[in-house]
Amino acid sequence: MNKHHEPTGRADDPRITLRGPAELADALPYMLGYHPTDSVVMVALHGSRGRFGGRVRLGIPRAEKEWPPVARQLAECLIEGSERRGGRPDGIVLFLCQDPAEGETGHRVMERLRPLAQSLRTAYCCPDERCCPPEGNPLAVPGTSVMAATAAYAGIRVRGSLRDMEAGLEPLTTPAAAAEQRRALDGAALALVPRILDGKRRREVARETIDLARTVMERMAKSPGPPGGAGADLADDGLVSPGEAAAMIIGLQDRETRDRAAEWMEGAEARSALRLWRALSRRCVGPYAEHAVAPLTLAGWVSWSTGDEPAARVALGLALSRDPDYVFARLLHQACNEDLDPETLRECLRQERDAREAAAAPDPGVRRGTAVRPGVRRRGAPAGPAGARRPRGAARPRARGATDGAGRDGRRSERKSGRKSRREEGRSRR
């Protein structure tokens, strides 16, 4: 299967056939890369055999009055995306994923979510209780289905639940740590925001932010820490002081600084950058929660650039939940959902970096310590090619403002001399 879930290779290659709602539900985590929680998921189907196509996921809105417009937007997004990739879907499978609350039954959850399903105009459940009893059908034991075996063979792994993945990007919950970080953010905002708004000092803040981020990334590269999970996040939090985190969070609110930081997208730099952006997302506490949009978007970008699409969708989804109008996050989220190739954006960022470094490089033809603006000649420098001298006896160049027949002063002088010549000619005739 390729990125667009199209069959590749020989026509007799084995394919997975899923039969019934239970097997479809079992396959969903392998399609997304994690177990969705509190989510509505739609998967496009193509052809007579119902081949899987594009998919979209969104958190179930808490307010029921939001269900109809959300349902319409979600369906339109899936259909439009499928048409851009090559064809309108022949069908759509809808998944509503929500665990029962304490003391609630699965049947009660189904009935509570029925209006949301009906907003999508779907056949919510089969009326035949012989195959679809009211209490539902149990899923297969995790890891025992055909889909699980095939995913293991293909190297596809499920990260856990969406709730667990989001927890690694949410603000700190320890009261003492959150209070300390908030004080640091207050101080950084008071010191840096006026400088960012000052056009002359804005570049200074950008340079300081990038230099500090690079220093922390080097520190993280020297401390690999645990392989992953909450332990790795806790270790990374210990490598960034509250003051450092606050300075970088405020500095990344500048768009140009954020774009500079997005250039750390490949190789070892990308691994350290992703750890840093995740750590900064967790430091956006209290009233600074919306400041997490920049590091969350950077985390989503690096995840997508390095091939981790499930993590990218989670980070970008959190960024958009905080600011739905954040353009960079919206564009990345759409591109990731449409299975576009991130290499196009990587190449643009490489070109910007190369152009900036070339502009900052010193001119080898200029002596060190001599500053010369492009197109401006140094005082006393010859006007012609290097080393050329003015021929002996040649007229010296006139100073600015001299009447040499060119310009407004020159034309005025020429008219005066012309009138004088005509008067003298008239006298000689008389």
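**Exercise 1. Determine whether threonine 297 is buried or exposed, and place this residue in the fold.**

Step 1. Threonine 297 has 0% relative accessibility, so it counts as buried; buried means under 20% relative accessible area, exposed over 50%, and partly exposed in between, with a 1.4 Å probe and protein chains only. The model is predicted: local features need pLDDT of at least 70, side-chain atom pairs count only at pLDDT 80 or more, and totals for chains, interfaces and linings use all residues. Residues are numbered from 1 along each chain as its sequence is written, and side-chain values use heavy atoms, with hydrogens and water left out.

Step 2. Threonine 297 lies in helix H13. Helices (H or I, at least four residues) and strands (E, at least two) are DSSP runs, numbered from the N terminus.

Step 3. Neighbours within four places in sequence are left aside; threonine 297 is then in contact with Leu316, Ala319, Tyr326, Phe328, Ala329 and Leu332. Contact means heavy atoms within 4.5 Å.

**Exercise 2. Check the span of helix H13 and describe its surroundings.**

Step 1. Helix H13 covers residues 293-305, which is 13 residues. The expected span is 1.5 Å times one less than the number of residues.

Step 2. This gives 18 Å for H13, and its end C-alpha atoms are 18 Å apart, which agrees.

Step 3. Of the 13 residues of H13, 13 are buried, so the helix is largely enclosed by the rest of the structure. For the protein chain, buried residues make up 35% of the 430 residues.

Step 4. After H13 comes glycine 307, with a positive phi near 90°.

**Exercise 3. Work out the strand order of the sheet and state which strands stand at the edges.**

Step 1. The protein chain has 17 helices and three strands. Three strands form an open sheet, ordered E2-E1-E3, with antiparallel pairing. Two strands pair if DSSP finds at least two bridges between them.

Step 2. Strand E2 (51-59) and strand E3 (91-97) each have a single partner strand and stand at the edges, so one side of each has no neighbour in the sheet.

Step 3. Neighbouring strands of this sheet are turned by 20° against each other on average, direction ignored.

Step 4. Strand E1 (residues 39-46) and E3 run antiparallel and are joined by seven bridges. Valine 43 stands opposite valine 93 in E3.

Step 5. Aspartate 38 is in the loop between helix H1 (20-32) and E1. Its phi is near 50°, a positive value in a residue other than glycine. With a relative accessible area of 34%, aspartate 38 is partly exposed.

**Exercise 4. Classify the packing of helices H7 and H8, and list the residues in the contact.**

Step 1. Helix H7 (residues 175-197) packs against helix H8 (residues 202-221) at about 130°, with axes 7 Å apart. Axes are lines fitted to C-alpha atoms, for helices over the stretch in contact, and angles run from 0 to 180 degrees between N-to-C directions.

Step 2. That makes H7 oblique to H8: angles under 35 degrees count as roughly parallel, over 145 as roughly antiparallel, 65 to 115 as roughly perpendicular and the rest as oblique.

Step 3. H7 contributes Leu192, Arg195 and Ile196, while H8 contributes Arg202, Glu204, Val205 and Glu208.
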